[in-house]
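Me: I should like to learn how to read a structure that is new to me. Please take me through it step by step.

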Amino acid sequence: MIEVENLTKKFGDKIAVDGISFHVHDGEIYGLLGPNGSGKSTTMKILAGILKPTTGKVLVEGINVAKNPIEVKKIVGYVPETPILYESLTPSELFNFVGSIRGIPKDKLEERVNYFVKAFGIEEYLEQFIGTLSFGTQQKVSLITALLHDPKVLILDEAMNGLDPKSARILRELLLEFKNEGKSIVFSTHILSLAEVICDRIGVIYQGKIIAEGTIEELKEKAHEESLEDVFLKLTESKDEIVHIVQALKESL
Ligand SMILES: Nc1ncnc2c1ncn2[C@@H]1O[C@H](COP(=O)(O)OP(=O)(O)OP(=O)(O)O)[C@@H](O)[C@H]1O
């Protein structure tokens with residue numbers, strides 16, 4: 001369970017997150033959707049204990065993230081928007097390193113590494129330096145690293161970035177499995193069709209504020225729109241703007 005209450009984050013004068021509140025229940029996938037620069041990554045970094053909030057409170061499984069970031073990291077798996085990995089290690093070395101700092105017993109670690117490495121098809125890259133791997137393969141290494149300690153809570157920032165269709169489908173199936181196990185999952189994506197199929201509820205964030213929240217059906221009903229894409233564009237005031245931009249482009253050709 002994740003509880004976010006009145007969360008604000010300022011960088012100097014810039015208000016990146018502006019008093020947002022939401023809850024993510026056990027066994028729920030919560031989609032955080034918003035245009036570029038709306039505050040998704042900042043929010044997720046705070047949930048993962050990487051950034052301190054300016055004001056407000058985040059509880060993960062009842063633990064206050066700002067006060068106990070180390071405790072929270074034990075139960076959270078965080079995948080950043082861009083993989084942050086040790087380029088001069090191999091995936092095998094990184095998995096062993098993460099296993100040792102997380103205190104995962106050797107046999108459990110081996111079992112989990114084998115499972116995820118096979119699932120994402122990266123067997124052939126295990127002994128190569130991470131810095132030499134493709135972006136998609138690095139993303140898979142980043143995902144596996146976040147999953148090794150079997151976290152109760154997952155914070156996935158654009159986790160499908162760079163994944164080929166097969167790996168994206170596998171991740172999708174894994175997430176549904178994790179949800180059925182009772183994990184709480186926060187998931188940001190710009191792929192609205194994906195959010196539509198995997199998210200139980202959506203929070204639309206715009207200019208640092210959550211401007212709408214609910215199931216996909218509730219959002220469509222409230223916005224009087226047929227698709228999540230139309231809901232999103234309407235709420236983020238992009239719909240009319242797109243019509244004008246396309247019109248101007250046509251006239252300039
Ligand atoms: N370390 C920082 N210092 C100053 N400003 C920052 C910092 N991190 C984020 N911001 C600003 O905060 C705002 C929110 O950024 P954030 O990365 O959270 O957006 P986002 O919704 O994840 O965007 P995207 O979809 O492009 O990844 C942006 O205006 C961004 O420039």
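Reply: The following turns treat the overall fold, one helix and the ligand shell. This is a predicted model, in which local features need pLDDT of at least 70, side-chain atom pairs count only at pLDDT 80 or more, and totals for chains, interfaces and linings use all residues. Residues are numbered from 1 along each chain as its sequence is written.

Me: How many helices and strands does the protein chain have?

Reply: Helices (H or I, at least four residues) and strands (E, at least two) are DSSP runs, numbered from the N terminus. The protein chain has 10 helices and 10 strands. Its C-alpha trace spans about 60 × 45 × 40 Å along the principal axes.

Me: Which residues of helix α9 are buried?

Reply: A residue is buried if 20 or more other C-beta atoms, placed from the backbone, lie within 10 Å of its own. In α9 (residues 228-235), these are Leu228, Val231 and Phe232.

Me: Why do they lie on the same side of α9?

Reply: An α-helix has 3.6 residues a turn, so residues three or four places apart point the same way. Here the buried residues cover an arc of only 95 degrees around the axis, which puts them on the same side of α9; the arc is that of the directions from the helix axis to the C-beta atoms. Just after α9, glutamate 237 takes a positive phi of about 55 degrees.

Me: Which element gives the largest share of the shell around the ligand?

Reply: A residue belongs to the shell if its C-beta atom, placed from the backbone, lies within 6 Å of the ligand. The largest share, 3 residues, comes from α1. Among the shell residues are Phe11, Lys14 and Glu81.

How values were computed. Buried ≥ 20, exposed ≤ 12 C-beta atoms within 10 Å, placed from the backbone.
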